[in-house]
Number of protein chains: 4
Amino acid sequence: MTVSFAVLGAGRIGQVHANAIASVPGARLTAIADPVAEASRRVADLHGCDIRDIDTILASDDIDAVVICTPTDTHADLIERAAKAGKAIFCEKPVDLDVRRVKACLQTVKDTGTTLMVGFQRRFDPDFRALRDMIDAGKIGEVEMVTLTSRDPGAPPIAYIERSGGIFRDMTIHDFDVARWMLGEEVETVMAAASNLVDPAIGKAGDFDTVNVILTTASGKQCTINNTRRATYGYDQRIEVHGSLGSLAADNHHKSRVTFANGDGYTKPPLLDFFMTRYTAAYAAEIASFVQAVEGKTATATTGHDGLMALALADAALRSVKEGRAVKVSEVLA
Amino acid sequence: MTVSFAVLGAGRIGQVHANAIASVPGARLTAIADPVAEASRRVADLHGCDIRDIDTILASDDIDAVVICTPTDTHADLIERAAKAGKAIFCEKPVDLDVRRVKACLQTVKDTGTTLMVGFQRRFDPDFRALRDMIDAGKIGEVEMVTLTSRDPGAPPIAYIERSGGIFRDMTIHDFDVARWMLGEEVETVMAAASNLVDPAIGKAGDFDTVNVILTTASGKQCTINNTRRATYGYDQRIEVHGSLGSLAADNHHKSRVTFANGDGYTKPPLLDFFMTRYTAAYAAEIASFVQAVEGKTATATTGHDGLMALALADAALRSVKEGRAVKVSEVLA
Amino acid sequence: MTVSFAVLGAGRIGQVHANAIASVPGARLTAIADPVAEASRRVADLHGCDIRDIDTILASDDIDAVVICTPTDTHADLIERAAKAGKAIFCEKPVDLDVRRVKACLQTVKDTGTTLMVGFQRRFDPDFRALRDMIDAGKIGEVEMVTLTSRDPGAPPIAYIERSGGIFRDMTIHDFDVARWMLGEEVETVMAAASNLVDPAIGKAGDFDTVNVILTTASGKQCTINNTRRATYGYDQRIEVHGSLGSLAADNHHKSRVTFANGDGYTKPPLLDFFMTRYTAAYAAEIASFVQAVEGKTATATTGHDGLMALALADAALRSVKEGRAVKVSEVLA
Amino acid sequence: MTVSFAVLGAGRIGQVHANAIASVPGARLTAIADPVAEASRRVADLHGCDIRDIDTILASDDIDAVVICTPTDTHADLIERAAKAGKAIFCEKPVDLDVRRVKACLQTVKDTGTTLMVGFQRRFDPDFRALRDMIDAGKIGEVEMVTLTSRDPGAPPIAYIERSGGIFRDMTIHDFDVARWMLGEEVETVMAAASNLVDPAIGKAGDFDTVNVILTTASGKQCTINNTRRATYGYDQRIEVHGSLGSLAADNHHKSRVTFANGDGYTKPPLLDFFMTRYTAAYAAEIASFVQAVEGKTATATTGHDGLMALALADAALRSVKEGRAVKVSEVLA
């Protein structure tokens with residue numbers, strides 16, 4: 001069987017998913033949709049697929065699944081429409097920036113019995129997965145502390161930041177998902193600190209660029225997340241998990257494995273500096289996993305509930321910053 | 001000039017300082033004091049110094065400086081007595097577990113004009129100092145985030161824990177000092193999470209064994225500290241400082257530089273697992289620095305104020321855990 | 001323009017090249033040939049190409065280029081036939097095991113004006129290329145010493161070894177090519193030592209499994225190569241180049257970037273253990289480079305002359321072992 | 001018991017040994033001898049020992065052992081005189097630059113029953129010893145290939161080179177000893193290549209600055225040594241041993257463990273660049289080992305025979321360069 005895909009949205013992340021679909025056996029890109037003709041044309045030319053509008057796609061019998069890569073504020077509506085149209089759905093995070101809207105949307109998905117996967121590609125990164133597999137294999141015993149280092153090479157444009165929902169919902173949300181995955185237990189309490197150190201314009205836009213978060217589970221496991229919008233040495237993505245029997249650490253991806261030595265020292269190249277190059281393998285594995293779910297072989301690896309919980313942690317972090325206290329996740333989910 | 005020392009207390013840390021004094025040019029160990037005759041005898045035999053009681057030492061003309069390595073609850077009194085006796089004083093942290101007592105003691109020191117240095121040996125570790133020097137040289141621009149990983153190989157005996165003042169005052173206190181040193185700016189707010197995961201007996205003793213702390217300065221610089229009482233791979237001591245222009249990281253000390261490769265992978269030996277071996281060079285440099293101060297060549301590198309502030313951060317962290325909120329350092333100093 | 005390929009030989013290396021062609025834009029796999037029907041069927045099914053015999057392929061107008069992956073003793077004949085048929089030719093190393101036969105074959109290629117590229121995929125490995133680029137950029141000044149570490153995970157079957165031409169012509173030949181590439185100057189003299197330590201059956205087959213070689217150029221640059229047929233920790237492929245201004249080193253590819261720490265130490269996973277996974281990116285880049293040459297945009301990056309010279313170094317090494325002396329390359333080329 | 005030492009020669013290496021004696025329990029520096037009054041005065045002042053001439057030292061009842069750090073051409077004579085005077089002898093390598101003279105000297109030592117240790121401090125380096133211990137523990141099975149990388153930060157003065165006996169006898173001699181230690185079996189055959197690339201003045205002095213050597217034992221174990229007189233990144237000292245079950249590698253000593261990351265990459269500091277800082281621990285352990293031997297607790301860890309064999313390998317390497325062939329060690333020992 002081959003799963004026939006339409007990608008909704010031909011922007012940067014839409015292109016990433018189109019490429020991923022093209023590279024995965026058992027997946028075929030049938031159509032692309034984007035209001036910007038030039039954008040959809042580029043994808044259609046590269047991959048030899050149709051250009052269709054969203055209404056047509058949802059009505060097409062030759063489309064099994066849609067990949068939603070449109071602006072965030074359209075996600076929930078499109079999920080509901082696609083669910084009612086009987087399409088399997090892969091939606092980029094987040095489902096919505098509002099917890100209640102997410103809940104309502106997930107209810108619709110549930111009522112229709114649709115397959116929905118929310119995109120958290122880091123769970124499919126080969127190194128991170130190898131690390132998680134070693135936890136599952138019991139190598140480090142009980143997980144006790146997780147340390148997530150996640151730093152962007154540079155801040156996005158202010159216009160992007162203004163409609164992003166803020167750093168916790170836009171950037172840290174990936175780490176919140178990884179935290180839940182690594183902790184293996186739901187987070188109970190969130191504490192966060194947030195500063196504006198990188199660019200004053202980010203502060204003027206009401207957002208932060210430098211944050212640290214502590215998550216605690218009911219059994220006392222802890223996770224810290226540190227984020228900044230600017231790391232001069234590239235896209236810094238590390239996971240460290242400390243357990244009762246040992247510790248695991250996933251290291252970064254440098255631009256090459258060549259070290260240069262002279263009187264200044266031993267120098268390795270900086271890190272890959274773009275999520276599309278850093279997570280190429282993860283995006284392909286993610287679509288491959290979705291294909292398995294569409295074919296009914298497995299459940300979706302990342303669910304609407306995962307999307308909801310990551311958003312809830314982001315809301316709790318923001319509230320913690322504002323109120324200077326530890327916030328229970330149950331408060332923001334109520 | 002040679003500075004003539006007496007070491008008060010011939011326990012583990014007293015022996016460390018006696019060894020350090022023996023290895024530092026310009027320092028001479030003249031006397032050791034300890035109520036346990038066997039303990040003082042061992043030091044006297046090893047280093048060829050006198051055994052005297054504390055009263056005698058404080059009255060001896062041939063002693064320039066005392067190193068206080070007695071139990072914590074005697075520190076403040078001994079500092080005051082030595083100050084009045086005109087001896088230069090090196091005191092192991094902490095001055096006292098009570099902020100008000102520390103303040104009173106420091107006032108006495110100030111009134112007598114005595115030289116007092118409080119022991120925070122990590123500031124003298126060659127690697128950490130190299131890192132701090134690179135910050136001072138402007139390599140990373142403005143400091144924005146500090147990440148301190150500090151994990152003991154194993155928990156101390158419960159009897160020790162019971163009189164230690166708790167993990168924040170006993171273990172994290174070193175990290176609080178390093179945090180202040182690396183941030184280069186006083187901490188304003190403390191948030192902390194604390195769990196009992198390593199050994200239930202530690203929880204029964206009213207203490208924690210797994211903690212994460214976020215410190216924030218007035219300008220928004222942040223520092224996280226993660227501690228656990230048990231790291232199976234040794235004594236884990238890492239510092240990472242992220243700045244506007246770059247990042248610095250000090251790595252751990254392995255037992256050797258030999259890597260073994262076979263079908264199981266590439267294995268480097270575990271870490272040095274004892275503070276005495278890990279910080280041997282730091283302890284010697286610390287005493288050498290104190291000697292400089294006694295000779296009047298420099299101010300003391302770590303002061304009574306440093307001791308007070310590290311204790312205040314510990315108190316604030318504990319209050320943060322108890323009250324589930326961000327605690328201002330000014331609250332606990334009042 | 002798209003270059004239309006036929007792959008001759010559907011064995012392991014033929015599959016590697018078929019995959020590479022499928023992944024390279026501007027290349028299309030049109031036909032596969034193999035006397036073993038099952039083998040060609042597998043490739044045809046995977047890539048949707050025709051199955052044709054070699055005669056048909058050489059006579060086909062819709063084939064621009066052939067990739068020769070047949071047994072070594074057929075290479076020279078197929079090159080000559082393809083050259084006369086007007087096909088661009090990519091041939092896996094070696095052209096032949098006999099220097100005179102190689103010379104004759106290359107003369108035919110020259111006479112026909114055919115494009116011929118000999119496969120030395122390591123020159124297209126992204127890390128090795130980054131290293132070579134840094135030499136070209138003058139980072140290390142003059143190249144003085146090259147150290148090549150090249151160790152197979154395990155010995156091939158004895159049947160393979162018996163018809164391989166020996167370790168120098170089969171395994172070291174890749175290192176000889178890398179040596180010439182890195183030295184940037186022809187080798188003048190070869191010294192080699194060879195032992196049979198891994199498996200007595202290899203010795204019985206008249207071959208060695210453990211060798212060290214020293215190459216010297218006219219200007220005195222030196223290169224050492226160390227090979228073994230068995231490295232328990234994987235496929236060990238390292239290059240180190242020492243120059244007048246600095247040194248460069250390309251490190252290995254581990255199975256993941258995850259380090260596990262416990263009381264036994266810090267363990268990284270073993271190396272990728274198969275040339276197909278280790279050099280996947282190199283094979284694709286190699287075919288892409290060939291496509292450029294077929295389109296006339298560049299000369300071939302690795303030529304028939306490169307194939308000849310690598311073979312000559314192998315012959316010189318073998319003679320050095322047999323005669324216990326430094327052998328001039330000119331002796332074996334005469 | 002305390003062993004009372006006299007150090008003959010107060011130059012650089014004499015100071016190293018004086019420092020080592022001062023730091024080793026059970027050793028006492030009693031006297032220093034040097035024709036240059038200022039040189040002996042400096043050592044005497046630093047360590048509080050006597051200044052005596054050699055005749056006086058050899059006649060002194062209060063001297064148990066001499067450490068010979070005088071110019072190479074005096075070593076053999078002084079060994080013989082000290083042997084006859086009943087002193088235990090530690091002599092810096094080499095005993096002499098002439099194999100026959102060494103043999104005669106060792107015969108005298110044997111006849112007198114004197115304790116003689118020849119200085120090869122690398123055998124006492126903690127990392128190298130840890131590596132050797134892991135071989136002894138069977139971690140890598142049978143040793144098959146040893147790779148020694150040994151590069152000086154910069155060439156010594158030409159005047160030094162002129163009387164050094166050449167790079168093989170002066171610099172590689174340390175690697176020859178390490179090779180024998182790591183191979184665990186005598187070397188049978190030597191092949192070497194040598195160039196003059198670093199400084200033409202070295203060539204004019206009749207010496208080389210860039211060499212590669214292959215050693216082979218009777219059972220086929222192999223060792224390569226690569227040397228250069230100039231490594232811009234410091235004093236490069238690495239050992240790698242490949243065995244039937246795995247591989248071991250001892251890494252270099254960097255100036256600190258701090259890594260700096262920015263847009264140029266990740267930079268670790270260069271290596272320690274002086275044998276006195278790089279091998280401080282080794283020199284102390286070496287003297288401690290000699291003290292054990294003088295006290296009769298163990299045999300000397302490095303013997304006159306070790307000194308002879310390392311010199312023979314150097315002679316064989318030089319002959320291999322001159323004659324362009326593999327040279328048997330037996331040829332130069334005859």
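These legends accompany a set of close-up views of a predicted model.

**View 1. Chain A as a whole.**
We start with the overall build of chain A, which holds 13 helices and 15 strands. Its radius of gyration is 20 Å, close to the 20 Å that the globule rule gives for 334 residues, so chain A is as compact as a globular protein of that length. Along the principal axes, the C-alpha atoms of chain A fill a box of roughly 55 × 55 × 45 Å. Buried residues make up 60% of the 334 in chain A. Contacts that reach far along the sequence are well represented here: among those in chain A between residues at least 6 apart, 69% join residues at least 24 apart.

**View 2. The two domains of chain A and the contact between them.**
Domain 1 of chain A covers residues 3–114, while domain 2 is made of two stretches, 123–278 and 310–333. Their C-alpha centres lie 27 Å apart. Where the domains touch, domain 1 of chain A supplies 6 residues and domain 2 of chain A supplies 10 residues. On the domain 1 side, that set divides into 5 nonpolar residues, no polar ones and 1 charged.

**View 3. The parallel sheet of chain A.**
Here we look at an open sheet of 6 strands in chain A, ordered β3-β2-β1-β4-β5-β6, with parallel pairing. The edges are taken by β3 (50–51) and β6 (116–119) of chain A; each has a single partner strand, so one side of each is left without a neighbour in the sheet. To follow one edge of the sheet, look for strand β5 (residues 88–92) of chain A, which runs parallel to β6(A) and is joined to it by 4 bridges. A handy landmark in this pairing is E92(A), which stands opposite G119(A) in β6(A).

**View 4. The sheet of chain C, seen at its β3 edge.**
Chain C also has an open sheet of 6 strands, with parallel pairing and the order β3-β2-β1-β4-β5-β6. At its edges stand β3 (50–51) and β6 (116–119) of chain C, each with a single partner strand, so one side of each is left without a neighbour in the sheet. This close-up turns to the β3 end, where strand β2 (residues 27–33) of chain C pairs with β3(C) in the parallel sense over 2 bridges. Within that pairing, I32(C) has I51(C) in β3(C) as its bridge partner.

**View 5. Where chain B meets chain A.**
A turn of 180° with a shift of 0.0 Å along the axis lays chain B on chain A, with an RMSD of 0.0 Å. That is the relation of a two-fold axis. In chain B, the C-alpha nearest the axis belongs to R325(B), 1.9 Å from it. Each partner brings an equal share to the contact: 27 residues from chain B and 27 residues from chain A. On the chain B side, the elements that give two or more residues are β7 (143–151), β8 (187–195), β9 (210–217) and β10 (222–228). By class, this side of chain B has 9 nonpolar, 16 polar and 2 charged residues. Of the interface residues of chain B, 100% are also interface residues in chain A, so the copies meet through the same surface.

**View 6. Where chain A meets chain C.**
For this pair, a rotation of 180° with 0.1 Å of shift along its axis superposes chain A on chain C, with an RMSD of 0.1 Å. The residue of chain A that comes closest to the rotation axis is S23(A), its C-alpha at 4.4 Å. The same surface serves both copies, as 100% of the contact residues of chain A recur in chain C. This contact takes 20 residues from chain A and 20 residues from chain C. On the chain A side, two or more residues come from each of α6 (126–136), β12 (247–250) and β13 (258–262). By class, that side has 11 nonpolar, 5 polar and 4 charged residues.

**View 7. A strand pairing across the contact of chains A and C.**
Our last view shows two strands from separate chains: β13(A) pairs with strand β12 (residues 247–250) of chain C in the antiparallel sense, over 4 bridges. To find your place in this pairing, look for F260(A), which stands opposite L248(C) in β12(C).

Notes
Residues numbered from 1 in each chain as written. Chains lettered and ligands numbered in written order. Predicted model: local features only at pLDDT ≥ 70, side-chain atom pairs only at ≥ 80, totals over all residues. Domains from an automatic or database assignment. Contact = placed C-beta atoms within 7 Å. Nonpolar A, V, L, I, M, F, W, Y, C, P; charged D, E, K, R; others polar. Least-squares fit on C-alpha atoms with pLDDT ≥ 70 in both. Pairing = 2+ DSSP bridges. Rg over C-alpha atoms; globule rule 2.2 N^0.38 Å. Buried ≥ 20, exposed ≤ 12 C-beta atoms within 10 Å, placed from the backbone.
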